[in-house]
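This report describes the strands, the nonpolar core, the surface and the charged pairs of one model. The sequence and structure are shown first.

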Amino acid sequence: TVKRNNYTSFPQTGIGQAFELFVNRNVSVENFAQNGRSTKSFIAEGRLDAIDRKIQEGDFLFIQFGHNDAKHDPERYTEAFGDFQDNLKKHIDVAIKHGAHPVLITPLYRRLFSEDGKTLVEATHGDYPQAMIELAQRLNVPVIDLCTKSRELIEQAGPAVSKEWFIFVPAGKSDNFPEGTEDTTHL
C-alpha cells in the first residue's frame, strides 16, 4: 500500500504516489517499499541494508508492515509478538544509528465487510497492529495507527463509497487486469 506504482499497475495506486504531494518541494522522498514484502522478506532481500547505506541524520524513516507478515509463507511469515517486532526494531535501529527519526505505521485496514454488508470484519491483520503499537510504546517511537484510522473511515463511508477507494475492476476494463480483479487491500 506504500509502493510508488506506475502505469504498469494502474489503476493500483498507493500512499507512495501521493506522499510527495504533501511535503515541501525541498524535501526529497526515497521510497524503498515493494509490494508483497513482509519485514522478513524485506530484510532478506537487502532492502533494509540499502536504507542503512543511504539514510542520514535528520531523515525520517516511515516503517509500515503487517499486510504480509501474517501470510503462511516461509519467506514472509513472522510471529506478531516475536520476529515481527524484532524485525521492526532492526528498522528502528538503522534510523537511530544514523540520527534519523523512525516512525511506525500500522497497516491499512482491509475492506472486508461482513455478510450483512454493513460492518467490517474484525481484525483483518490479527495481532500485527497491536504488536507494532506496543513496540512503539516500549521504545518511545512515534506510531501512526493507520489501521484504526482507515477502519473508521471505511466504516463511515460504507460499502458503496469505500469500494471506489480499492481496486474493483471488471473483466475487460483494464489492460493490467484483463480478467478483472476485486482487491480489498490495495488502493
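The text below treats the sheet, then the core, the surface patch and the salt bridges.

The model is predicted; local features need pLDDT of at least 70, side-chain atom pairs count only at pLDDT 80 or more, and totals for chains, interfaces and linings use all residues. Residues are numbered from 1 along each chain as its sequence is written, and side-chain values use heavy atoms, with hydrogens and water left out.

**Sheet**

Three strands make an open, parallel sheet in the order β1-β2-β3. Helices (H or I, at least four residues) and strands (E, at least two) are DSSP runs numbered from the N terminus, and two strands pair if DSSP finds at least two bridges between them. Five bridges connect β1 (residues 60-64) with β2 (residues 101-105) in the parallel sense. Between these two strands, the chain passes through helix α4 (residues 80-97) in a right-handed β-α-β crossover; right-handed means that, with the strands pointing away from the viewer, the path from the first strand over the helix to the second runs clockwise. Across the β1 and β2 pairing, I63 is opposite L104. On the other side, β2 and β3 run parallel and are joined by two bridges, with I105 opposite I144 in β3. Because β1 and β3 (143-144) each have a single partner strand, they stand at the edges, and one side of each lacks a neighbour in the sheet.

**Nonpolar core**

A nonpolar core is a set of buried Ala, Val, Leu, Ile, Met, Phe, Trp, Tyr and Cys residues joined through side-chain atoms within 4.5 Å. Here buried means under 20% relative accessible area, exposed over 50%, and partly exposed in between (1.4 Å probe, protein chains only). The largest such core has 21 residues, of which I51, I55, I63, F84, L88 and L104 touch the most other members. Two or more residues are contributed by each of α3, β1, α4 and α5 (128-139). Helix α4 supplies the largest share, six residues.

**Surface patch**

F19, F60, F62 and I144 make up a nonpolar surface patch of about 370 Å². Such patches consist of residues with over 30% relative accessible area and no salt bridge, like charges being joined within 9 Å and nonpolar side chains (Val, Leu, Ile, Met, Phe, Trp, Tyr) within 5 Å. The areas come from the Shrake-Rupley method with a 1.4 Å probe, and for residues only the protein chains shown count as cover. One member, F60, lies in β1 and is exposed, at 53% relative accessible area.

**Salt bridges**

The structure holds seven salt bridges, each defined as a side-chain nitrogen of Lys or Arg within 4 Å of a carboxyl oxygen of Asp or Glu. Three of them are listed here with the N to O distance.

| Pair | Distance |
|---|---|
| E45 and R47 | 2.6 Å |
| D52 and K97 | 3.0 Å |
| K89 and D93 | 3.0 Å |

The pair of D52 and K97 links distant parts of the chain, since D52 is in helix α3 (residues 47-54) and K97 is in helix α4, 45 residues apart. D52 is partly exposed at 21% relative accessibility, whereas K97 is exposed at 56%. K89 and D93 are both in α4, four residues and therefore about one helical turn apart. K89 is partly exposed at 33%, as is D93 at 37%. Salt bridges with shared partners also join R37, E45 and R47 into one network. Within this network, E45 is partly exposed at 41% relative accessibility, and R47 is partly exposed at 23%.
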